[in-house]
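Colleague: Could you zoom in on one part of this model for me? I'd like a close look at a single loop, and then whatever else you think is worth showing.

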Amino acid sequence: MKVAHFDCFSGAGGDMIVAALIAAGAPRQALCAGLSGLAIGGHTLSIERANKQGFAATRFKVDLEDPADQPHRHLADILGIITGSTLSDSVKDKASRVFRRLAEAEAAVHGSDIEKVHFHEVGAVDSILDIVGAVLALELLGVEQVTCSPVAIGSGTVKCAHGTLPVPAPATIELLKDIPVCPGDEVGELVTPTAAALLSTLAAAFGPPPAMTLRTVGCGAGTREGRGRPNILRVLVGDIPGNTDTNRVTVLETNLDDVSAETIGYCIERLMAEGALDAYAVPIQMKKSRPGVVLTVLCEPGRVSALERVLFAETPTFGIRRHETKRTILCRHHEIVSTTYGKLRMKVGEGGGLITASPEYEDCRAAAERHGVPLRQVVAAANAAWSAKTDPSG
């Protein structure tokens, strides 16, 4: 399994994340071509070499033709730009999750609803390109898991659309809840809201780099000049050895006895859309013989706050239990099979000499709708194509 570990010893910015991934091998032409499919204009992209206190790095720049002409977008505007693009469904989904997390943080800070939040800086063209560019670059590199070091946050103050604010800015602090941080020895904003949203949404774990066979290293340069340390973000890209991986997940649970089945189903959909690894409800018998359910959520530690907010918002619960556990997972990747309904992705897991594979539901659903056939017929065709592809006697 390919992993990317971000070393945030000098903080992180959205542009630095994209630049580091480019330096680690994400193809520039494919990246720029993908970003050109976003329905936004008034800008040019440039990828340059940079030097930060003697260290070579890459810089990703978005130059605006008229900065004053950029609108303050709402969440729906940005999600429309993403979903209307030519990007893959995976990139659209992850980039949308990052922006929803940003909207939640802004809404929490300003006491507003996420649909009413004006995005100001984070809704500008450069932030959209940074977020979508980072997600796209990870896909182009074939990265299946993201991890991150504790994040250096800086000190002092920063000027923004709301005036002069302490560092880290309020939205950034909101995004960094449940994530290890360290002060760093630089004055100024070391981590931006864009970077905090990306890392807190995409990273499966925070801490030292996992055991891996290191393949490439990339350094992304920021615009600020550091005093005591170079203003660069380093990413380590490598392969996790073996066929299985063990990581930590958080389990959230709450007992419910006064909520409809439809509400529980809607809540599970919201939880999955917000990045839960799994969510399910199990019938139980509660005190005074009341029938109820246990609603359980599995998530990465960095997603706890966002998913707890969904549970409190969408159910009448007054409390949520939380504990951490370990899980062993098969190393996974995708392979393509050709069927009469087009090319479909198979999710393949390997471990201990065993191989298991299943068709990707979204691919099969889209093919079934496109051809006007039952879903099970497309699933059967995908499984048959996989069997034919992997049959040693064939």
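Colleague: Is K288 buried or exposed, and what is its relative accessible area?

Modeller: K288 is exposed, at a relative accessible area of 75% (exposed is over 50%, buried under 20%, partly exposed in between, with a 1.4 Å probe on protein chains only). A word on the basis: this is a predicted model, where local features need pLDDT of at least 70 and side-chain atom pairs 80 or more, while totals for chains, interfaces and linings use all residues. Residues are numbered from 1 along each chain, and side-chain values use heavy atoms, without hydrogens or water.

K288 sits in the loop between β15 (278-285) and β16 (291-299) (strands are DSSP E runs of at least two residues, helices H or I runs of at least four, numbered from the N terminus). Its phi is near 60°, a positive value in a residue other than glycine. Most residues other than glycine have a negative phi. S289 lies in that β15-β16 loop too, and also has a positive phi, of about 65°, without being a glycine. S289 counts as exposed as well, at 56% relative accessibility.

For something with a buried side, go to helix α11, residues 375-390. Its 16 residues reach 23 Å from first C-alpha to last, close to the 22 Å expected (that is 1.5 Å times one less than the number of residues). V378, A381, A382, A385 and W386 of α11 are buried. These residues cover an arc of only 135° around the axis, so they fall on the same side of α11 (the arc is taken from the directions from the axis to the C-beta atoms). R376 and A388, over on the other side of α11, are exposed.

While you're turning the model, find the largest cavity (on a 1 Å grid over protein atoms alone, points where a 1.4 Å probe fits but cannot get out; lining residues have an atom within 4 Å of a point). F6, I17, L138, V146, L198, L199 and L202 line this cavity. Helix α7 (residues 193-202) gives the most to that lining, with 3 residues. By class, the lining of the largest cavity has 7 nonpolar, no polar and no charged residues (nonpolar is Ala, Val, Leu, Ile, Met, Phe, Trp, Tyr, Cys and Pro; charged is Asp, Glu, Lys and Arg; the others, Gly among them, are polar).

Notes: On a 1 Å grid over the protein atoms alone, a cavity is a set of points where a 1.4 Å probe fits but cannot get out, and a pocket is an open set with protein on both sides within 12 Å along at least five of seven lines; lining residues have an atom within 4 Å of a point.
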